[in-house]
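Here is a short briefing to read alongside the model. Keep the structure open and follow the topics one by one.

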Amino acid sequence: MQLHLSTWPEVETYLAGSKAIIIPIGSTEQHGPNGLLGTDALCPEIIARRACDEAGFLIGPTFNVGQAQHHMAFPGTITLRPSTMIASMLDWTQSLVRHGFERIYWLNGHGGNIATITAAFSEIYHGVTFSGDGGNRPPLKLQLRNWWELPGVMDLCREIFPVGEGSHATPSEVSVTYFGYPDAVKSVAMSPKIAPTGPIRDAQDYRRRFPDGRIGSDPSQANVEAGGRIVAAAVKAVISEFKQFEAA
Ligand SMILES: [Zn+2]
């Protein structure tokens with residue numbers, strides 16, 4: 001069940017049976033020569049949407065722009081400053097809480113978002129604690145899960161791509177998007193085959209160190225079939241984890 005394809009009476013009915021919702025959260029940033037700019041938002045969206053279709057959960061709109069400052073030297077990247085992202089997540093959450101949601105599960109697709117999402121959770125909980133009827137045991141529960149850290153998923157990615165997984169524009173994440181959008185598959189020769197590794201600093205420094213955007217990866221290995229296997233494992237794990245979260 002997708003929030004933006006539902007009517008308000010349908011959401012009201014859903015709330016009578018569950019107070020939990022999944023929000024995919026990601027980024028709009030360069031993903032190397034053959035990876036889509038939406039990769040980090042598309043991966044959690046593709047996984048969460050299938051989990052929701054299978055298990056009847058409610059999925060909200062994808063929070064699809066995040067912390068991408070260091071990718072700004074590549075055209076197409078869009079970034080929020082941390083304070084904007086924290087404020088937006090607070091507003092999204094307060095809107096959902098106003099309707100009765102008590103469990104918000106953020107399925108994240110971008111490592112660079114983690115610190116800011118964690119800070120947003122602190123901001124949100126702070127507001128709950130110091131609100132009029134606050135108390136120390138707020139009913140609101142937030143959960144952050146990075147899709148690649150779902151049980152079983154990382155092991156499977158390493159098994160499928162033992163060489164050249166890397167850390168940015170990975171063959172695993174590109175495969176997930178190719179599975180979701182097979183018309184977007186692109187064949188691009190990578191040079192060097194495996195991208196360099198190094199520290200992440202500002203945008204200009206990033207482009208100097210990683211000229212085509214990749215870090216440590218060879219995403220020319222990405223393919224639809226691998227994406228399908230990774231998505232299947234992730235969907236299974238999300239369903240099991242979300243059910244526990246919903247009941248907690
Ligand atoms: Zn990514």
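T93 touches I104, W106, I124, L140 and L142, leaving aside residues up to four places away in sequence. This threonine sits in helix α3, residues 82-98, and it is buried, with a relative accessible area of 1%. Please bear in mind that this is a predicted model.

**The zinc site**

- Three residues act as protein donors of the zinc ion: H31 through NE2, D40 through OD and E173 through OE.
- These donors lie 1.9 to 2.2 Å from the zinc ion.
- Along the sequence, the donor residues follow the spacing H-x8-D-x132-E.
- D40 belongs to helix α2 (residues 39-55) and E173 to helix α6 (residues 171-180), so this pair ties together parts that are 133 residues apart in sequence.
- Buried or exposed, what are D40 and E173? Both of these donors are buried.

**Backbone details worth a look**

- A169 has a positive phi of about 60°, although this residue is not a glycine.
- You will find A169 in the loop between α5 (153-160) and α6.
- With 0% relative accessibility, A169 counts as buried, because the cut-off for that label is under 20%.
- Which peptide bond is cis? The bond from S191 to P192 is, and its omega is near -5°.
- P192 has its place in the loop between α6 and α7 (203-209).

**The largest pocket**

- The largest pocket holds about 510 Å³ of space.
- Its lining is made up of 25 residues.
- Which residues lie nearest the centre of the largest pocket? They are W148, G166, S167, H168 and T170.
- Helices α5 and α6 each supply at least two residues of the lining of this pocket.
- Of the elements, α5 gives the most to the lining of the largest pocket, with 3 residues.
- By residue type, the lining of the largest pocket divides into 12 polar, 8 nonpolar and 5 charged residues.

**Places to revisit on screen**

- Helix α6 is a handy stop, since E173, a donor of the zinc ion, lies in this helix, and α6 also supplies at least two residues of the lining of the largest pocket.
- The loop between α5 and α6 is another good stop, as it holds A169 with its positive phi.

Conventions:
Residues numbered from 1 in each chain as written. Predicted model: local features only at pLDDT ≥ 70, side-chain atom pairs only at ≥ 80, totals over all residues. Heavy atoms only, no water. Donors = N, O, S within 2.8 Å, 3.2 Å for Na, K, Ca; no water. Helix = DSSP H or I, 4+ residues; strand = E, 2+ residues; numbered from the N terminus. Buried < 20%, exposed > 50% of the residue type's maximum accessible area, 1.4 Å probe, protein only. Contact = heavy atoms within 4.5 Å. 1 Å grid on protein atoms, 1.4 Å probe; cavity = no way out; pocket = protein on both sides within 12 Å on 5 of 7 lines; lining within 4 Å. Points joined across faces, edges and corners; volume = space filled by probe spheres on them. Nonpolar A, V, L, I, M, F, W, Y, C, P; charged D, E, K, R; others polar.
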